[in-house]
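Trainee: I would like to learn how to read a structure like this one. Where should we begin?

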Amino acid sequence: MINFKIVNKGMGELSYSVLLHTAKRILEQRELALTEGDADYTVEVSVDSSLLNDRYIIEKTEKGARISAANDCSVHGAFGKLLFDSTFDGRGGFIPAESGVFDHTPAKKLRGMYFATHNYNFYHVAPMEEIFEVIEDLGLRGCNCIEVWVDLYHYESMQSPEAQEFVQRLRTMLKYANDIGMGISFTMNANEALYNSPEELRAEWWEQGRYFKKPVAHYHNEICPSKKGGIEKIIADRRAMLECFKDLRIDYIVYWPYDQGGCTCSECQPWGSNGFLKLFPHFKALVHELLPNTKVVVSTWYFDKFVDGEWDEFYERLDDEMFDDIEYLMVFFSAGKIPECIQKNGVPKKFKLIDFPEISMHFCKPWGGYGASVLTSYLDKTNKAAAHMYDGGFPYSEGIFEDANKFICMGTYTGLYPDAFDALRAWVKFEFCCDDEALYEAIRDTEVGLTRVMDEDSQKYLAPYRSVITDTSEVKKVYNTLSDYNMTLPEKITKARNFRMFYLRALIDFEMLKHDFKPLHSAACRIAMQEVDDISHVEERTSWAVRTPLVDKGKR
């Protein structure tokens, strides 16, 4: 067995201990070992404060490597790059990365990932050890900030036992990110509220005035900042939430307009350029009071989705002094569709943009309910049109079924891969210890069959559930290819969740095709879906949107 050794030459002890844990897990999965004694391959790691902007340098030889990086977090990214450039066969075979010096400064400053910690999805309920693994893997890919959300709707008070249990869970995962050297960010819907918010202060949410559509995901307990006492109640609840985390290193707080959130009353609309901004100075003042080293980011999520002219009117307000200390605007230009005001006038000069790419829900409901999801073509199209405008971002993740999409986004932020397809090819080679083109193509082509449309009754999971795959041209080929590799790749690789989720996805799609797109009519499909739910730690209370359509798992 080939032995690896990692020697600390100046890295922080906490971050170094996480690096050792990460390396041990990855090497053992590939039938290699991490040792403290004599080794076949030795990696020395150190921090050099003279290196700027998360730069790292890897000096590679046949017998090892020396890593010098700007900070602890960058050491993780450099070690990941070293692993990705090496070759593993999953059976103990190892070919080191080509000798030479690799000197790299990431393309984007803010290389984040958003964990949607709600709806009793994976991030909400999975064992903490598995959450740690996701954070560790992101560190190897160059991620430097983890973002989360405290969904106030779940709780009557931040001091309730349920809220405090969740707070401790979040604190544990976020401290682990801090231990690596990553930053932390919170996203907060501007006027979200606790479950028992005062009815007389609640926001309006229906079509009226200029609104041609209801804001989506409105819980109807949000608070209107235009009502007397509304701003005070919003800020009081937000203070209670922030008090629970203020001792952590929090780099950013993202101020969020919609989904959930917003108010369509006459005094607040259009929300993005009116009520949203009416509340903003009070929100910002609270953050500066409690978290003086934390920067506020302003999101434009869903502008122009429910009311016309919102982007234009918001853009005109950006010269206001309330934005003088704001560095980032968070945007997402899906498939490269850029608002006309930015096309015409460009990015406002005093701001930088970060994006919020959707990597979990696009094209598919339930999200992850059929196994793995990859969006190579979609992300490539979006990135080619708009990535040059961004200084990084926070991809939206609902779980572990879109790990390949996480890697693609990190590839864009780090600048290590020229496009999404090259990033996916590197991900397949490393995760599955195989660089066969046929395997890569099968993983890539699962995107072809991702888009599906549920029958109207299926929206509520009423029998008979039916979900039509709109393009089945690659379903059989993908299934046959992944079935073959399921038999030939090393067992530790095929049993790992990343391969398993793709194999189950292929099997489910194939069985749906054979059974008129009715997954519950196939015994094999039901068994596969049960395994998908088990991998994601689905509970009875888990939202229908982040679980398979099995009807025997509990109430829907």
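Mentor: We will go through strands, buried residues and aromatic rings in turn. Keep in mind that this is a predicted model.

Trainee: In what order do the six strands of the open sheet stand?

Mentor: The order to follow is the one across the sheet: E2-E1-E3-E5-E4-E8, with mixed pairing. Strand E2 (33–34) and strand E8 (100–104) each have a single partner strand, so each has one side without a neighbour in the sheet.

Trainee: How many bridges join strand E1 to E2?

Mentor: Two bridges join E1 (residues 3–8) to E2, and these strands run parallel. Phe4 stands opposite Leu34 in E2.

Trainee: Which strands does helix H2 touch?

Mentor: Helix H2 (residues 72–85) packs on the sheet and touches E1, E3 (41–47), E4 (56–61), E5 (64–69) and E8. The direction of H2 makes about 35° with that of E4.

Trainee: How do side chains sit along a strand in general?

Mentor: In a regular strand, side chains alternate between the two faces of the sheet.

Trainee: Now another group of strands. In which sense do E9 and E16 pair?

Mentor: E9 (residues 110–115) and E16 (residues 390–393) pair in the parallel sense, over two bridges. Arg111 has Gly393 in E16 as its bridge partner. Strand E15 (residues 352–355) is also joined to E16 by two bridges, and E15 and E16 run parallel. There, Leu353 is the residue opposite Tyr390 in E16.

Trainee: Through which helix does the chain cross from E15 to E16?

Mentor: The chain goes through helix H10 (residues 376–386), and this β-α-β crossover is right-handed.

Trainee: Thr376 lies in H10. Is Thr376 buried or exposed?

Mentor: The value to read is relative accessibility, and buried means under 20%. Thr376 is at 0%, so Thr376 counts as buried. Its contacts, leaving out residues up to four places away in sequence, are Ile408, Ala420, Phe421, Leu424 and Glu447.

Trainee: Let me try another residue. Where does Phe499 lie, and which residues does Phe499 touch?

Mentor: Phe499 is in helix H16 (residues 497–514) and counts as buried because its relative accessibility is 1%. Not counting residues up to four places away in sequence, Phe499 touches Phe432, Leu482, Tyr485, Asn486, Leu489, Ile493 and Thr494. Asn486 is 13 residues from Phe499 along the chain, and their C-alpha atoms are 8.4 Å apart.

Trainee: On to rings. How many aromatic pairs are in the whole structure?

Mentor: A search finds 45 aromatic pairs. To read a pair, look at the distance between ring centres and the angle between planes. Trwo values describe the pair of Trp301 and Phe356, which is edge-to-face: 5.3 Å centre to centre and 85° between the planes.

Trainee: Why does that pair tie together separate parts of the chain?

Mentor: Trp301 is in the loop between strand E13 (295–299) and helix H8 (310–316), and Phe356 is in the loop between E15 and H10, so the pair ties together parts that are 55 residues apart in sequence. Trp301 is buried, with a relative accessible area of 13%, and Phe356 is buried at 3% relative accessibility.

Trainee: Which residues form one aromatic cluster?

Mentor: The cluster is made of Tyr255, Trp271, Phe276, Phe280, Phe283, Phe303, Trp311, Phe314, Phe323 and Phe351.

Trainee: Which residues lie over the faces of Phe102 and Tyr440?

Mentor: Lys81 lies over the face of Phe102, 5.0 Å from the ring centre. Arg425 lies over the face of Tyr440, 4.0 Å from the ring centre.

Methods. Residues are numbered from 1 along each chain as its sequence is written. This is a predicted model: local features need pLDDT of at least 70, side-chain atom pairs count only at pLDDT 80 or more; totals for chains, interfaces and linings use all residues. Side-chain values use heavy atoms; hydrogens and water are left out. Two strands pair if DSSP finds at least two bridges between them. Helices (H or I, at least four residues) and strands (E, at least two) are DSSP runs, numbered from the N terminus. A crossover is right-handed if, with the strands pointing away from the viewer, the path from the first strand over the helix to the second runs clockwise. Buried means under 20% relative accessible area, exposed over 50%, partly exposed in between (1.4 Å probe, protein chains only). Contact means heavy atoms within 4.5 Å. Rings of Phe, Tyr and Trp (its six-membered ring) pair if their centres lie within 6.5 Å; planes under 30 degrees apart count as stacked, over 60 as edge-to-face and the rest as tilted. A charge sits over a ring if NZ of Lys or CZ of Arg is within 6 Å of the ring centre and within 35 degrees of the ring normal. Axes are lines fitted to C-alpha atoms, for helices over the stretch in contact, and angles run from 0 to 180 degrees between N-to-C directions.
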